[in-house]
Amino acid sequence: MKATANQLRQALDSANPAIRFYLLHGPDESGARDLALRLARAMGTDAERVDLDGASLKADPGRLAAEAASLSLFGGARHIRVTALGEESLDAVAMLLSAARAGNPVVAIAPTLKTAGKVVKLALAADNALSFACYPPEAADADRLAAAIASEHGLRTTGGTASRLFAASGGDRAVLTREIEKLALYLDAAPERPATLDDAAIDAVGADLGEAEMALAIEAAIGGDAARLGSELARLNEAGVSMVPLMRGLVRRLMTLSELQAEVAAGASIASVIEGPRVFFKEKAATGRALRHWTPQRLSGAIDHLRQAERGMMGAATAGSIIAEAACLAVARAGRSAR
């Protein structure tokens with residue numbers, strides 16, 4: 001079945017026994033991971049979590065249904081999380097949905113799946129599955145999204161605090177949620193004891209990173225200036241800024257370059273494509289230079305490298321910001337080689 005955002009949240013938060021498969025597909029992988037955490041919280045801190053991925057299910061399609069039907073080693077709650085699920089897992093998902101029993105819920109994060117793909121269609125047609133498309137939030141939805149997440153944690157946004165939180169997170173839902181969790185802890189807020197979130201609290205706790213500050217590091221990476229990028233990363237690190245918004249901002253810029261480059265390849269001039277609304281006026285010159293030097297292959301490789309690095313950061317006991325900084329510097333080196 002197709003789920004709205006509210007339907008999905010309610011089902012995840014209650015671990016609805018009628019739903020055995022939650023499919024979170026679309027390009028906002030960070031947002032999908034944040035939604036998947038809701039099921040983990042609903043299952044409880046003592047619940048056993050089984051981690052699988054699309055590649056393992058391709059090799060053994062029956063494993064997903066088997067894990068969903070298996071009892072926990074210690075007899076407690078159990079749930080399954082699948083990452084990097086793709087069309088190669090169609091048989092595994094079909095076996096899960098048609099199995100006679102499956103007491104353990106499954107949540108799948110599938111950033112590469114298309115809405116018209118077979119796995120999505122299978123989930124949409126099943127009464128025991130919920131399918132939800134995850135897209136990066138648009139600026140127009142910024143206040144509503146930030147206010148909704150804040151409300152879940154007992155915070156009432158005031159004035160421009162919702163917009164400020166969204167800007168600080170770089171549009172990344174997971175980062176936004178973590179910032180709000182810190183603020184709720186600071187204000188001792190909870191749904192049963194709400195508190196008002198004002199600018200003073202964000203000044204005291206929040207990592208208020210504006211787009212202009214991130215733009216300097218992004219420009220250095222795309223321009224192939226590793227030395228300047230290193231200085232910018234050091235400055236952001238000293239400010240205690242999360243690297244996730246920077247990485248996602250860099251990915252968005254690279255994707256825009258890829259789209260513009262496709263138009264140039266189709267016959268448009270560089271001068272004409274950079275005049276469109278997708279290029280900020282202060283970035284036109286740098287974008288023009290990048291379009292002359294970056295190849296489609298290098299752009300695709302840089303985007304994939306950054307996304308893999310972000311996934312690597314999400315695991316337990318990882319090098320965190322070091323992974324992110326190394327990935328950004330790798331983009332700068334690729335940018336230099338492209339010149």
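Contact, as the word is used in this report, means heavy atoms within 4.5 Å. The structure described here is a predicted model, and the account moves from its parallel sheet to a helix lying across that sheet, and then to single residues.

## The sheet

Five strands make up an open sheet with parallel pairing, arranged in the order 2-3-4-1-5. The edges are held by strand 2 (48-53) and strand 5 (129-133), and because each of these has a single partner strand, one side of each is left without a neighbour in the sheet. Direction ignored, neighbouring strands of this sheet are turned by 15° against each other on average. As a general matter, strands of a sheet pair through backbone hydrogen bonds, in either a parallel or an antiparallel manner.

Strand 1 (residues 21-25) is joined by 5 bridges to strand 4 (residues 106-110), the two running parallel, and it is also joined by 5 bridges to strand 5, again in parallel. H25 takes part on both sides of strand 1, since its bridge partner in strand 4 is A110, while in strand 5 it stands opposite A133. Strand 4 is in turn linked to strand 3 by 3 bridges, and these two strands also run parallel. V107 of strand 4 has a residue opposite it in each of these pairings, namely Y22 and R81.

The bridge partners named above are set out here.

| Residue | Opposite residue | Strand of the opposite residue |
|---|---|---|
| H25 | A110 | strand 4 |
| H25 | A133 | strand 5 |
| Y22 | V107 | strand 4 |
| R81 | V107 | strand 4 |

How many residues of strand 4 are buried? The count is 5 of 5, so strand 4 is largely enclosed by the rest of the structure. V106, A108 and A110 point one way from the strand, whereas V107 and I109 point the other way, and all are buried. Strand 5, although it stands at an edge of the sheet, has 4 of its 5 residues buried, so it too is largely enclosed by the rest of the structure.

## Helix 2 across the strands

Helix 2 (residues 29-43) lies across strand 1, strand 3 (78-83), strand 4 and strand 5, and runs at about 170° to strand 3. Its 15 residues reach 22 Å from the first C-alpha to the last, which is close to the 21 Å expected at 1.5 Å a residue. At the start of the helix, a side-chain oxygen of D28 comes to within 3.1 Å of the backbone nitrogen of G31; after the helix comes G44, whose phi is positive, near 105°.

Helix 2 is mostly covered, with 12 of its 15 residues buried. Among the buried residues are E29, R33 and D34, as well as L35, L39 and M43.

## N104 and its surroundings

N104 lies in the loop between helix 5 (90-98) and strand 4. With a relative accessible area of 9%, N104 falls under the 20% limit and is therefore buried. Leaving aside neighbours within four places in sequence, N104 is in contact with R20, E67, A68, A69, S70, R78, H79 and I80. With E67 there is also a polar contact, in which the backbone oxygen of E67 lies 3.1 Å from a polar atom of the N104 side chain.

## Other residues

A324 belongs to helix 17 (residues 321-338) and is buried, with a relative accessible area of 0%. Not counting residues up to four places away in sequence, A324 touches M243, M247 and M313. The C-alpha atoms of A324 and Q308, which are 16 residues apart along the chain, are separated by 9.9 Å.

Two residues that are not glycines have a positive phi: A84, at about 50°, and D188, at about 55°. A84 is found in the loop between strand 3 and helix 5 and is partly exposed, at 44% relative accessibility. D188 lies in the loop between helix 9 (173-186) and strand 7 (195-197), and is likewise partly exposed, with a relative accessible area of 49%.

Of the cysteines, C134 counts as buried at 3% relative accessibility, and C328 is buried as well, with a relative accessible area of 1%. The count of disulfides comes to 0.

Key. Residues are numbered from 1 along each chain as its sequence is written. This is a predicted model: local features need pLDDT of at least 70, side-chain atom pairs count only at pLDDT 80 or more; totals for chains, interfaces and linings use all residues. Side-chain values use heavy atoms; hydrogens and water are left out. Two strands pair if DSSP finds at least two bridges between them. Axes are lines fitted to C-alpha atoms, for helices over the stretch in contact, and angles run from 0 to 180 degrees between N-to-C directions. Buried means under 20% relative accessible area, exposed over 50%, partly exposed in between (1.4 Å probe, protein chains only). A polar contact is a pair of N or O atoms within 3.5 Å; within protein, one must be able to donate a hydrogen and the other to accept it, and residues adjacent in sequence count only if both atoms are side-chain atoms. A disulfide is a pair of cysteine sulfur atoms within 2.5 Å. The expected span of a helix is 1.5 Å times one less than its number of residues.
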